[in-house]
Amino acid sequence: MYIADDETLDILCDDEIKIIQKKDGYRFSIDAILLSNFITLKKHERLLDIGTGCGIIPVYMSKKGNKNFMTGIEIQEELFHAAQKNKDLNNCENIQFIHGDIKLFVESLKKTPFHVIVSNPPYTKEHTGRKSPKHSRFIARYESYIDLSILLSASAALLNKKGRFYIIYPSKRLGELIYTAKANKLEPKRLRLIYPKKEKSANLFLAEFTKEGGMEVTIEKPLYIYDNEQYTEEIESYYCLKG
């Protein structure tokens with residue numbers, strides 16, 4: 001596999017996963033790993049990852065043993081090419097990547113709806129926060145091409161009835177997410193708050209929604225990232241696919 005001078009090769013999970021990324025472009029974070037471990041996927045289910053980036057979520061899930069057919073769509077061309085490389089590098093024949101804007105693919109993709117949709121979307125509203133000077137990082141972090149309303153509308157259109165939507169999102173936008181999801185007939189079913197440390201407030205959360213689901217919600221135990229400056233036992237387990 002050819003690795004360009006402006007790319008890096010990152011090794012995860014005891015050499016089980018190899019990921020090529022741009023040195024100066026958008027690079028995946030632990031958020032994608034947290035989200036991947038929150039998703040439940042039955043054997044027959046098809047998955048769509050909206051804003052797949054370098055393809056880390058479908059590649060990680062495939063290497064974890066999920067051989068489901070998975071599709072990742074990415075608007076940035078350089079990230080799409082990285083995802084293609086990562087699919088080949090990790091021998092993930094059950095994955096396909098599409099280069100394009102999800103808004104333009106809803107009509108064609110909804111002919112074969114998905115059982116599961118996942119997204120690690122931009123967290124920051126377009127006109128707020130400190131701007132990244134790197135265009136790739138700016139697009140990945142700011143709602144310049146896709147905001148929450150568009151993401152949830154597209155997801156609802158592309159899910160089967162009772163299909164599930166998974167997301168990781170900032171805790172300060174929890175109310176906005178639930179309000180917008182319910183407006184698109186996506187009912188919250190599971191919620192898990194994420195804390196950097198036990199003594200800190202939650203800064204992120206993981207959520208599962210069901211299309212046209214009931215109103216019962218399960219609040220799961222807190223997820224802590226660090227304990228004494230080291231990953232907690234649960235987080236360490238996420239980086240050991242062999243268990």
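**Exercise 1. Work out how β7 and strand β9 pair, and what else sits alongside β7 in this predicted model.**

Step 1: Start with the β9 side. Strand β9 covers residues 204–211, and β7 pairs with β9 in the antiparallel sense, over seven bridges. For a concrete handle, take Tyr169: its bridge partner in β9 is Phe205.

Step 2: Now look at β6, residues 114–119. Here the pairing with β7 is parallel and runs over five bridges. Val118 is the residue to click on, as it stands opposite Tyr166 in β7.

Step 3: Check how covered the strand is. β7 spans residues 159–170, and nine of its twelve residues are buried, so "mostly covered" is a fair label given the cut-off of under 20% relative accessible area.

**Exercise 2. Decide whether Gln21 is buried or exposed, and find what its side chain does.**

Step 1: Place the residue. Gln21 belongs to strand β2, residues 17–22.

Step 2: Compare with the cut-off. The relative accessible area of Gln21 is 4%, so this residue is buried, the limit being under 20%.

Step 3: Look for a polar partner. A polar atom of the Gln21 side chain lies 2.8 Å from the backbone nitrogen of Phe28.

Step 4: List the surroundings. Setting aside residues up to four places away in sequence, Gln21 touches Asp6, Glu7, Thr8, Asp10, Tyr26, Arg27, Phe28 and Cys54.

**Exercise 3. Do the buried-or-exposed check for Glu93.**

Step 1: Find Glu93 in the loop between α3 (77–89) and β5 (95–99).

Step 2: Its relative accessibility is 77%, and the cut-off for exposed is over 50%, so Glu93 counts as exposed.

Step 3: Add a distance. Ile75 is 18 residues from Glu93 along the chain, and their C-alpha atoms are separated by 22 Å.

**Exercise 4. Name the residues with the most contacts inside the largest nonpolar core, then follow Leu34 outward.**

Step 1: The core holds 67 residues, and the top spots for contacts inside it go to Leu34, Ile39, Ile56 and Ile102.

Step 2: Leave out neighbours within four places in sequence. Leu34 is then in contact with Ile168, Ile194, Leu206, Leu223, Ile225, Ile235 and Tyr238.

**Exercise 5. Count the cavities of 30 Å³ or more and describe the largest one.**

Step 1: The count comes to four.

Step 2: The largest contains about 420 Å³ of space. Its lining has 31 residues, with Ile50, Gly51, Thr52, Glu74 and Pro122 the closest to the centre.

Step 3: Assign the lining to elements. Those giving two or more residues are β3 (47–50), α2 (56–63), β4 (70–74), α4 (102–109) and α5 (135–141).

Note on methods. Residues numbered from 1 in each chain as written. Predicted model: local features only at pLDDT ≥ 70, side-chain atom pairs only at ≥ 80, totals over all residues. Heavy atoms only, no water. Helix = DSSP H or I, 4+ residues; strand = E, 2+ residues; numbered from the N terminus. Buried < 20%, exposed > 50% of the residue type's maximum accessible area, 1.4 Å probe, protein only. Polar contact = N/O pair within 3.5 Å; in protein donor to acceptor, adjacent residues only side chain to side chain. Contact = heavy atoms within 4.5 Å. Pairing = 2+ DSSP bridges. Core = buried A, V, L, I, M, F, W, Y, C linked by side-chain atoms within 4.5 Å. 1 Å grid on protein atoms, 1.4 Å probe; cavity = no way out; pocket = protein on both sides within 12 Å on 5 of 7 lines; lining within 4 Å. Points joined across faces, edges and corners; volume = space filled by probe spheres on them.
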